[in-house]
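Dear colleague,

I am handing over the structure we spoke about, and my notes on it follow below. Please read them with the model open beside you.

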Amino acid sequence: MTILHIDSSIQAEGSISRALTATLVAAIADGSDEHVIHRDLTSEAPASVNPRAGDSAAADEFLAADVIVIGAPMYNLSVPSRLKAWLDSIAIPRKTFRYTDKGPEGLSGGRKVVVAYASGGFHHGPEEDFVDPYLRSFFRLLGIKDIDVVRAEGVNISGEHRARAIEAANVEIAGIVARIREERRQTVDA
Ligand SMILES: Cc1cc2nc3c(=O)[nH]c(=O)nc-3n(C[C@H](O)[C@H](O)[C@H](O)COP(=O)(O)O)c2cc1C
């Protein structure tokens, strides 16, 4: 199994999304020899892509992964610009999705996406949250139905809020990882 680990927080130290993606990747890999590729989008900018060229190393890397773990801090209600650039680099017509007369069709199904979302406050609903619904819509466009978003919210309100949010996120992570392990066990047994 190949895990693609994407981080996009501008904070190298003390980043909650980075801590959560690290926990997720370690728990999913579970000490085995899973192939993990880590891309820190703040130290390596995604290559600028001309989607019409139909070619992107980032899209190939994405398609080679079984599980994609993404750190997504909320920046000004949306995703960090480097993360948006990475998403742009994997949305390649006729490679990861295509348009048909019946609407868009995803070509990247069968993968799992787990997002670790962190926000300083609380933003819910279509007029305030352009992270969680956007990422779900984006990956559905590519054909991925198995999407989990772990939310650590309100982390800048107080130390207590931050601690509670991290604790709740870790409980969610434990549930997601247990499900992934169970699915893998069933695949191996089949
Ligand atoms: C440039 C910038 C913009 C931010 N915009 C928002 C925002 O719109 N809403 C919010 O709740 N928090 C916002 N925050 C707070 C971050 O979402 C919060 O600190 C989160 O923990 C960042 O993720 P990280 O801990 O992985 O770095 C912003 C932080 C930065 C640096």
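**Valine 67 and its surroundings**

Valine 67 counts as buried, because 22 C-beta neighbours lie inside 10 Å, where 20 or more are needed for that class. Please keep in mind throughout that this is a predicted model. Valine 67 lies in strand β3, and, leaving aside its neighbours within four places in sequence, this valine is in contact with Met1, Ile3, Ile28, Arg111, Lys112 and Val114. Asparagine 156, by contrast, is 89 residues from valine 67 in sequence and 29 Å from it in space, C-alpha to C-alpha.

**The nonpolar core**

The largest nonpolar core has 43 residues, and the members that touch the most others are Ile68, Ala72, Val115 and Tyr117. Strand β6 (residues 112-118) supplies the largest share of this core, namely six residues. As background, nonpolar side chains tend to be buried together in soluble globular proteins. For valine 115, if residues up to four places away in sequence are not counted, the residues touched are Ile70, Ala72, Leu135, Val149 and Val150.

**Helix α3**

Which residues of helix α3 (residues 81-90) are buried? They are Arg82, Leu83, Trp86, Leu87, Ser89 and Ile90. These residues are on the same side of α3, because they cover an arc of only 160 degrees around the axis. As for what covers the buried residues of α3, the elements include β1 (2-7), α2 (57-63), β3 (67-73) and α4 (132-141).

**The shell around the ligand**

There are 18 residues around the ligand, of which Ser9, Ser15, Ser17, Pro73 and Gly120 come nearest. Helix α1 (residues 16-29) contributes the largest share of this shell, three residues. Sorted by class, the shell around the ligand consists of seven nonpolar, ten polar and one charged residues.

**The β4-β5 hairpin**

Strand β4 (residues 97-100) and strand β5 (residues 103-106) run antiparallel and are joined by four bridges, and the hairpin that leads from β4 to β5 does so through two residues. If you would like a single pair to check in the model, phenylalanine 97 has glycine 106 in β5 as its bridge partner.

**Arginine 39**

Arginine 39 is found in strand β2 (residues 35-40), and this arginine counts as partly exposed because it has 18 C-beta neighbours inside 10 Å. Leaving aside neighbours within four places in sequence, arginine 39 is in contact with Ile6 and Glu44. Histidine 5 and arginine 39 are 34 residues apart in sequence, with a separation in space of 6.1 Å, C-alpha to C-alpha.

**Loop residues to look at**

Two residues in the loop between β3 and α3 deserve a careful look at the backbone; they are asparagine 76 and leucine 77. Most residues other than glycine have a negative phi. Asparagine 76, although it is not a glycine, has a positive phi of about 50 degrees, and leucine 77, likewise not a glycine, has a positive phi of about 75 degrees. As to burial, asparagine 76 counts as exposed, since there are 8 C-beta neighbours inside 10 Å, whereas leucine 77 is partly exposed, with 13 other C-beta atoms within 10 Å.

Alanine 12 sits in another part of the chain, in the loop between β1 and α1. Is alanine 12 buried or exposed? Alanine 12 is exposed, because there are 11 other C-beta atoms within 10 Å, and the limit for that class is 12 or fewer. The C-alpha atoms of alanine 12 and glycine 154 are separated by 20 Å, the two residues being 142 residues apart along the chain.

With best wishes

Technical notes
Residues are numbered from 1 along each chain as its sequence is written. This is a predicted model: local features need pLDDT of at least 70, side-chain atom pairs count only at pLDDT 80 or more; totals for chains, interfaces and linings use all residues. A residue is near a molecule or strand if its C-beta atom, placed from the backbone, lies within 6 Å of it. Ala, Val, Leu, Ile, Met, Phe, Trp, Tyr, Cys and Pro count as nonpolar, Asp, Glu, Lys and Arg as charged, and the others, Gly among them, as polar. The arc is that of the directions from the helix axis to the C-beta atoms. Two residues are in contact if their C-beta atoms, placed from the backbone, lie within 7 Å. A nonpolar core is a set of buried Ala, Val, Leu, Ile, Met, Phe, Trp, Tyr and Cys residues joined through C-beta atoms within 7 Å. Two strands pair if DSSP finds at least two bridges between them.
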